[in-house]
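Student: Hi! I'm new to this one. Could you walk me through it while I look at it?

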Amino acid sequence: MFQTDTIAAIATGMTNAGIGIIRVSGEESIKIVDRIFWAKNPKKTLEKTKSYQALFGNIHDGDVIMDEAICLVMRAPNSYTTEDVVEIQCHGGMIMLRKILELVIRSGARAAEAGEFTKRAYLGGRIDITQAESVMDLIYAKNEMAARASVSQLRGNLSEKLKEIRAMILHHIAYIESALDDPENYSLEGYADALQLQLEDTIERLDMLLATADEGKIIKEGIRTVILGKPNAGKSSLLNRLLGEERAIVTEVAGTTRDTLEEDAMIQGIPLKIIDTAGIRETTDTVEKIGVDKAKNSAEDADLILYVVDGAKTLDADDRQIMELLTDRKVITIINKSDVDQVVDKQWITSNLSSPVVELSAKTGEGMQDLYECLKTMFFHGKLTMNDEVYITNVRHKQALAEAKRSLCQALDSIRGQMPEDFLTIDMMAAYEQLGYILGETLDDDLANEIFSKFCMGK
Ligand code: GDP
């Protein structure tokens, strides 16, 4: 899997900006850039420059000067990729950046594939696959919490926990195998009891990691929030209020929101992915009908339903139909239009719906704070602080953790059923491998390629 050719790509965004960076990595990187770079001081070359030092000068194509640039040298193994790396920092106009990249390629480098720099960092042993994945998560993080969770993973916090558990499992496998081979020197007397305690403890640790997966998903993607309510209850107005801008069309004609709208919002530290749905009611209009079906579907996989009731109207058959969708779901019932005379039977709502009820006005913003407090209590146990905690934010990790736990539970069953020791080692080995799979140790090439291909260019 090792490749030693030299790769190059634009590492900054594909848009005009003040500065743009072209990153070159590989054995020939310093030589290649020297071919197209004249340092201001003609006596200096990148070849003679120490690691982490930079030269100022001009990028040239033959006699033609293309741009001024600063070239930063980072020598193996102390670079992002663990190879020799040169970063050419020039002006960030896309036309010139592309021209310079072409020049670097003509001078001996190859255009990097998406994620190839990070793949080299992984192949060079500087980071494991969970850290590589966290780089991608960090780049695409939609909110600060997601970014912090990625940084924690990038710093190796998840890897460390997994390595500890694996070391423990391996130790026990090795001991059992030794005892089976050499019973005179290694005794298995009473060993099963000690192992049982250890396995129970480890399963608990895996459970704790798995328990973070729901919050992890929410941190990464936002709380999938669906706003339900009959036409004209004020769903679009609430969405606009939440987003703080006029995004959905608010009208007085019932049934204007015909499709579903999705918006990411960060509200007082709470990441929401809000799905605005068409108003639910019995309808014969086919276009509107599709919207209503979609609303029902998105309600099904929502983390949270905001059920908007029109405070200025009495409940009717449409409301009852919506209430059927709320059973066993996380719901906040919102009695909207608190700024006008209230007609709705609040008593009935609070005693018949199990969800918390918030009264507010999407029009004036009154009562919105109560909604936010309610959200904070429902999710994240009311606290939204994140330290170095490990959150499982990746489905691949979650599945492998669950598999590892299953194997350890089987090993535990074998102990309780007083099965012979070699039975245990099979399951323990399976758990060891599953955890290794998260770290990339038992990853096949296809999966590694798939993981890296999701990266953006230049990373
Ligand atoms: P939707 O069909 O549920 O999306 O409802 P809209 O957001 O389009 O609102 C329907 C009508 O109710 C519009 O005329 C809004 O201006 C009005 N409306 C929405 N929220 C409030 C509110 O809090 N107070 C008052 N007085 N009117 C509101």
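**A first walk through the chain**

Tutor: Let's begin at Pro77, which sits in the loop between strand S5 (64–74) and strand S6 (85–92). Helices and strands here are DSSP runs, numbered from the N terminus, with at least four residues (H or I) for a helix and at least two (E) for a strand. This is a predicted model, in which local features need pLDDT of at least 70 and side-chain atom pairs count only at pLDDT 80 or more, while totals for chains, interfaces and linings use all residues. Residues are numbered from 1 along each chain as its sequence is written, and side-chain values use heavy atoms, leaving out hydrogens and water.

Student: Okay, and which way round is the peptide bond from Ala76 to Pro77, cis or trans?

Tutor: The bond from Ala76 to Pro77 is cis, with omega near 0°. The loop between S5 and S6 also holds Thr82, whose phi is near 75°, a positive value in a residue other than glycine.

Student: Is Thr82 buried or exposed?

Tutor: Thr82 has a relative accessible area of 18%, so it counts as buried, since that word means under 20% relative accessible area, with exposed over 50% and partly exposed in between (1.4 Å probe, protein chains only). Gln418 also has a positive phi, about 50°, although it is not a glycine. Gln418 lies in the loop between H13 and H14 and is exposed, because its relative accessible area is 72%.

Student: Let me zoom out. How many helices and strands does the chain have?

Tutor: The chain has 15 helices and 13 strands. Of its 459 residues, 49% are buried. Among contacts (heavy atoms within 4.5 Å) with a separation of 6 or more, 67% join residues 24 or more positions apart.

Student: Now the ligand! Which residues come nearest?

Tutor: There are 18 residues around the ligand, and Asn232, Lys235, Ser236, Ser237 and Asp339 come nearest. A residue belongs there if one of its heavy atoms lies within 4 Å of the ligand. Helix H8 (residues 235–243) gives the largest share of this shell, three residues.

Student: Which atoms does the ligand's oxygen meet on Ser236 and Ser237?

Tutor: An N or O atom in the side chain of Ser236 is 2.8 Å from an oxygen atom of the ligand. For Ser237, a polar side-chain atom lies 2.6 Å from a ligand oxygen. Ala362 takes part through its backbone, with a polar atom 3.0 Å from an oxygen atom of the ligand. On its own the ligand has 580 Å² of accessible area, and the protein covers 87% of that. Such areas come from the Shrake-Rupley method with a 1.4 Å probe; for residues, only the protein chains shown count as cover.

Student: Changing topic: which residues touch the most other members in the largest nonpolar core?

Tutor: That core has 31 residues, and Leu162, Ile169, Leu195, Leu401, Leu408, Met428 and Leu435 touch the most other members. A nonpolar core is a set of buried Ala, Val, Leu, Ile, Met, Phe, Trp, Tyr and Cys residues joined through side-chain atoms within 4.5 Å. Helix H6 (157–181), helix H7 (191–221), helix H13 (395–416) and helix H14 (421–439) each give two or more residues, and H7 gives the most, with eight.

Student: What does Leu408 touch?

Tutor: Not counting residues up to four places away in sequence, Leu408 touches Ile169, Leu199, Thr202, Ile203, Leu206, Met428 and Ala431.

Student: And where is Tyr432?

Tutor: Tyr432 is in helix H14, and it counts as buried because its relative accessibility is 16%. Leaving out residues up to four places away in sequence, Tyr432 touches Arg166, Ile169 and Leu170. Its C-alpha atom is 9.7 Å from that of Ile173, 259 residues apart along the chain.

Student: One last spot: what does Thr49 contact?

Tutor: Apart from neighbours within four places in sequence, Thr49 is in contact with Ala54, Leu55, Val73 and Arg75. Thr49 is in the loop between strand S3 (37–39) and strand S4 (53–61), and is buried at 7% relative accessible area. A polar atom of the Thr49 side chain also lies 2.7 Å from the backbone oxygen of Thr45.

Methods. A polar contact is a pair of N or O atoms within 3.5 Å; within protein, one must be able to donate a hydrogen and the other to accept it, and residues adjacent in sequence count only if both atoms are side-chain atoms.
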